[in-house]
Amino acid sequence: MKSILVPLGSSNRAINTLQYAIDFAAVTGGKVYVVQTFEAPKVTGSLKNINKVLEKKVRLELAQIMERVDTKGVDVIKCTLKGGIIDSVSVLEKELKIDLIIASAKPVSRDSDLYLGPLTGSFVKRTEIPMIIIPKGYQFKPYKRVMLGLRSGLLKHDHILDPLTTIIDLFKASVTLVHIITPKNLPEDNELHPDFKAIANEIIDTENATVFQGVLEYLKQVNPDVLCVIRNKRGFLTRLLEQNSIKKIDFESRIPLLVLKGNL
């Protein structure tokens, strides 16, 4: 996790998100790419220089954010780009070889019922880069205990668990794997791949109507520093990702959420 990308939304939340990423990078030895974008309407005449005006405004906002964070010696690279942030980040992922995205769970909208807003929700849907989603105002602390919640014990592709393994090694963290058996499970889902067993310090098998119920049931018991899930076609995030915005009523975590991209 040497190249961390932070897409920034509104400035009042951006400071905390960026500081979290910097604190994380200080442990991993990585660098942080902080991205803000601007989109200009098509205009003519006296407003033909609107792009320059908007770019200057965004650069100023980004500079003000940088003044309010402690870089702790971490290399923070500022990126100001024209266009939609989703498409811009998609380009940067490849060019900069990004291996982690850190974003905020607090939505841009004022809808307090949302867990994820359109921006972060879109990233979860569209990017294949692992993501850490942090709650509003959450401050970084080392991950000593990880809870991995999953329904299917299958692993269809290599390297799915690499980001989690990196975190385990970096923080010397223990892993509690909660294997949730639901009525929708196929027989093959109920068998754990050896790679899961290799990283787990504790394995809990539980039967629940939904994955949500299983995860929520054990969050208090395990009391993890980070919750990890794998984005599957029929997995934990399927229903949540039907729309870009994710409702708190469906899922809400007061700890960071690590989303791995895998069995798609």
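**Reasoning through burial, ring pairs and salt bridges**

User: Happy to start with one residue. Where is His-179 placed in this predicted model?

Analyst: His-179 sits in strand 8, which covers residues 174–181; the model is a predicted one.

User: Why is His-179 called buried?

Analyst: Buried means under 20% relative accessible area. His-179 has 0%, so it is buried. Leaving aside residues up to four places away in sequence, His-179 touches several others, among them Leu-150, Arg-151, Asp-189 and Ile-204.

User: Two of those can be followed further. What makes Arg-151 and Asp-189 a salt bridge?

Analyst: The cut-off is a side-chain nitrogen within 4 Å of a carboxyl oxygen. For Arg-151 and Asp-189 the N to O value is 3.0 Å, and the two side chains meet in a salt bridge. The pair links distant parts of the chain, 38 residues apart: Arg-151 is in the loop between strand 7 and helix 5, and Asp-189 in the loop between strand 8 and helix 6. Both residues are buried.

User: Why is Asp-225 called buried, and why does Lys-141 count as partly exposed?

Analyst: Asp-225 has a relative accessible area of 11%, so it falls under the 20% limit and is buried. Lys-141 has 39%, and partly exposed covers what lies between 20% and 50%, so Lys-141 is partly exposed. Their side chains meet in a salt bridge at 3.7 Å, N to O. Asp-225 lies in the loop between helix 7 and strand 10, and Lys-141 in the loop between strand 6 and strand 7, so the pair ties together parts 84 residues apart in sequence.

User: Now the rings, please. Why is the pair of Phe-140 and Phe-171 called tilted?

Analyst: Ring centres must lie within 6.5 Å, and tilted is the class left when planes are neither under 30 degrees apart nor over 60. Phe-140 and Phe-171 have centres 6.1 Å apart and planes at 50 degrees, so the pair is tilted. Phe-140 lies in the loop between strand 6 and strand 7 and Phe-171 in helix 5, so parts 31 residues apart in sequence are tied together.

User: How do you know that Phe-140 is buried?

Analyst: Its relative accessible area is 18%, and the limit is under 20%, so Phe-140 is buried. Phe-171, at 4%, is buried too.

User: Which residues do ring pairs link into a cluster?

Analyst: The cluster holds Tyr-20, Phe-24, Tyr-138, Phe-140, Tyr-143 and Phe-171.

Notes: Residues numbered from 1 in each chain as written. Predicted model: local features only at pLDDT ≥ 70, side-chain atom pairs only at ≥ 80, totals over all residues. Heavy atoms only, no water. Helix = DSSP H or I, 4+ residues; strand = E, 2+ residues; numbered from the N terminus. Buried < 20%, exposed > 50% of the residue type's maximum accessible area, 1.4 Å probe, protein only. Contact = heavy atoms within 4.5 Å. Phe/Tyr/Trp six-rings, centres within 6.5 Å; stacked < 30°, edge-to-face > 60°.
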